[in-house]
Amino acid sequence: MTRLITHLRHVDLAVPDYDRQREFYAGVWGLTEVASDSGLSFLAAEGSPEQYVVRLRRADEKRLDLVAFGAGSPAEVDALAERLGQAGVRLVSQPGKMDTPGGGYGFRFFDIDGRTIEVSADVAVRGHRRLEAKEAVPVRLSHVVLNSPDLDATRRWYERHLGFALSDTLSSPRMGEVMHFMRCNPQHHSVALAKGPHTSLHHISFEMRGLDEYMYGTGRLLRAGVRMIWGPGRHLAGDNTFSYFLDPHGNTVEYTTELELLDEDTWHPSVHDFSRPEVTDQWGTANPMNELVAKESFNDPDRGVFVAPPV
């Protein structure tokens with residue numbers, strides 16, 4: 001299958017306590033609000049050319065509004081929409097001009113679990129900059145992890161319909177396979193799929209400039225009283241660092257750095273036994289992974305399944 005999706009653009013959240021969530025992401029988390037209008041806030045990462053990496057929307061109920069990806073051109077957007085339509089995937093909208101910051105050409109559809117997915121091209125590049133040493137704010141959006149009650153069905157759907165490739169899998173003798181790391185470019189994963197009791201957001205991850213900035217950022221959040229549920233440490237799959245925190249609405253958000261870049265022509269997926277401590281944390285510095293830590297990232301059941309968010 002020809003891969004039409006190029007990268008992860010942004011993750012959009014709906015929240016009841018909009019003001020508190022907005023203050024968190026534009027404050028201690030380190031994003032920059034670039035636009036706002038009647039209960040919408042668009043937040044960019046200083047080092048990213050994307051117009052925004054998180055959108056917040058005021059709503060009565062918490063939900064994951066959508067996950068947005070980029071495509072190479074409007075023609076590739078059209079090709080993907082045609083492919084999905086012929087395969088019986090439910091489209092939310094047909095390809096057309098977009099009126100979100102940066103414009104562009106795109107469309108929306110539901111994935112197998114009922115999440116709204118957006119794919120777009122020709123979005124204007126945002127002015128961005130190289131971060132300085134010790135500047136501990138996110139450079140860009142790194143990846144998103146999604147909970148699914150049928151892990152393998154969701155993996156097959158993303159492979160078949162969107163052209164994602166499997167990079168690695170986490171498994172254990174007791175629980176079987178629990179996470180698939182999926183890529184749409186040489187980055188080890190732009191999406192990971194986690195085995196959960198319900199459809200929900202597992203976590204959103206943000207890339208930092210380097211190890212120092214990752215640790216400075218982790219320390220800033222701890223000093224501010226933000227609850228860290230796991231970290232700091234370094235995973236084996238993807239070889240990236242991790243510090244996981246909870247935002248004001250209980251969504252898990254991560255600071256990371258040094259996520260592995262693969263040679264896709266020679267890479268072969270591995271199955272890693274996550275019951276081994278060195279798999280979850282090579283450094284041995286994080287608190288142990290256990291059921292209480294895992295439960296935090298199950299998140300609340302997403303009530304937006306197969307219900308498209310407002311544009």
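What share of the contacts in the chain between residues at least 6 apart in sequence join residues at least 24 apart? The points below take this up along with other features of the predicted model.

1. Contacts along the sequence. The share is 68%: that fraction of the contacts between residues at least 6 apart joins residues at least 24 apart in sequence.

2. Secondary structure and overall dimensions. The chain holds 17 strands and 6 helices. Its radius of gyration is 18 Å, close to the 19 Å that the globule rule gives for 311 residues, so the chain is as compact as a globular protein of that length. Along the principal axes, the C-alpha atoms fill a box of roughly 50 × 40 × 35 Å.

3. Burial and surface. Of the 311 residues, 57% are buried. The accessible surface comes to about 13000 Å², and carbon and sulfur atoms account for 50% of that area.

4. Charges. The chain carries 33 positive and 44 negative charges. The mean positions of the two sets are 2 Å apart.

5. Cis peptide bond. The bond from glycine 231 to proline 232 is cis, with omega near -10°. Proline 232 sits in strand 14, which covers residues 228-234.

6. Aspartate 239. This residue has a positive phi, near 60°, although it is not a glycine. Aspartate 239 belongs to the loop that links strand 14 with strand 15 (241-246). Its relative accessible area is 29%; this lies between the 20% and 50% limits, so aspartate 239 is classed as partly exposed.

7. Glutamate 258. A second non-glycine residue with positive phi is glutamate 258, where the angle is near 65°. Glutamate 258 is placed in the loop between strand 16 (252-256) and strand 17 (270-273). With a relative accessibility of 37%, glutamate 258 is also partly exposed.

8. Aspartate 111. Is this residue buried or exposed? Aspartate 111 has a relative accessibility of 2%, under the 20% limit, and therefore counts as buried. The residue lies in the loop between strand 7 (105-110) and strand 8 (116-121).

9. Surroundings of aspartate 111. The side chains of aspartate 111 and tyrosine 158 are joined by a polar contact of 2.7 Å. Apart from neighbours within four places in sequence, aspartate 111 is in contact with Ile117, Trp157, Tyr158 and Phe306. Tyr158 thus appears both in this contact list and as the partner in the polar contact.

Conventions
Residues are numbered from 1 along each chain as its sequence is written. This is a predicted model: local features need pLDDT of at least 70, side-chain atom pairs count only at pLDDT 80 or more; totals for chains, interfaces and linings use all residues. Side-chain values use heavy atoms; hydrogens and water are left out. Helices (H or I, at least four residues) and strands (E, at least two) are DSSP runs, numbered from the N terminus. The radius of gyration is taken over C-alpha atoms; the globule rule is 2.2 Å times the number of residues to the power 0.38. Buried means under 20% relative accessible area, exposed over 50%, partly exposed in between (1.4 Å probe, protein chains only). Contact means heavy atoms within 4.5 Å. Accessible areas come from the Shrake-Rupley method with a 1.4 Å probe; for residues, only the protein chains shown count as cover. Lys and Arg count as positive and Asp and Glu as negative; His and the chain ends are not counted. The place of a charge is taken as NZ of Lys, CZ of Arg, CG of Asp or CD of Glu. A polar contact is a pair of N or O atoms within 3.5 Å; within protein, one must be able to donate a hydrogen and the other to accept it, and residues adjacent in sequence count only if both atoms are side-chain atoms.
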